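Here are a few friendly notes to read alongside the model. Have the sequence and the 3D view open as you go.

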Amino acid sequence: MRLLALASVISLLSAAAPVLAEEGSTIATIREGLRGHLKDATSAEIRVTKDVGHQVVASKVGKPQVGRVICAQVNAKNGYGAYIGERPFMFILRDDGQLSIWERTGMYADDVPVYEARCGA
């Protein structure tokens with residue numbers, strides 16, 4: 001009986017492991033992409049709010065992007081070493097292996113509905 005219970009627990013843990021590994025690699029990919037976007041990307045606290053899934057994202061500027069869409073809040077340190085507070089982002093892990101970063105603050109007005117349709121207001 002104990003052996004059966006142990007086997008069940010091991011089975012559950014092994015089934016959950018790929019999900020955790022994928023989540024970790026997604027955050028690592030986002031963190032790497034933020035290196036050129038933030039003053040101190042190593043301090044970035046990334047809180048995924050929504051995994052929208054695989055989509056085509058058509059911007060008013062540039063060509064449509066195809067990939068996995070992740071909505072997140074990012075908090076990072078500024079040049080003075082203080083955290084600036086969470087800011088909304090949308091990340092597209094594109095099928096071509098690149099990462100697109102959409103920061104809600106400062107985006108083109110025409111792209112706001114594109115962002116809000118996936119990540120909310």
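1. One term before we start: contact here means heavy atoms within 4.5 Å. Please also keep in mind that this is a predicted model.

2. With that in hand, look at helix α2, which spans residues 112-119. Its buried residues pack against four strands: β1 (40-57), β2 (65-77), β3 (87-94) and β4 (99-103).

3. Which residues of α2 are buried? They are V112, V114, Y115, R118 and C119. These residues sit on the same side of α2, because they cover an arc of only 160 degrees around the axis. As background, an α-helix has 3.6 residues a turn, so residues three or four places apart point the same way.

4. C119 deserves a second look, as C71 and C119 form a disulfide. The structure holds one disulfide, and the two sulfur atoms of the C71 and C119 pair are 1.9 Å apart. The pair links distant parts of the chain, with C71 in strand β2 and C119 in helix α2, 48 residues apart.

5. Is this disulfide left-handed or right-handed? The torsion about the S-S bond of C71 and C119 is about -80 degrees, so the disulfide is left-handed.

6. Are the two cysteines buried or exposed? The cut-off for buried is under 20% relative accessible area. C71 has a relative accessible area of 1%, so C71 is buried. C119 counts as buried too, because its relative accessibility is 18%.

7. Lastly, check the backbone just after α2, where G120 takes a positive phi of about 90 degrees.

Methods:
Residues numbered from 1 in each chain as written. Predicted model: local features only at pLDDT ≥ 70, side-chain atom pairs only at ≥ 80, totals over all residues. Heavy atoms only, no water. Buried < 20%, exposed > 50% of the residue type's maximum accessible area, 1.4 Å probe, protein only. Helix = DSSP H or I, 4+ residues; strand = E, 2+ residues; numbered from the N terminus. Arc of directions from axis to C-beta. Disulfide = S-S within 2.5 Å.
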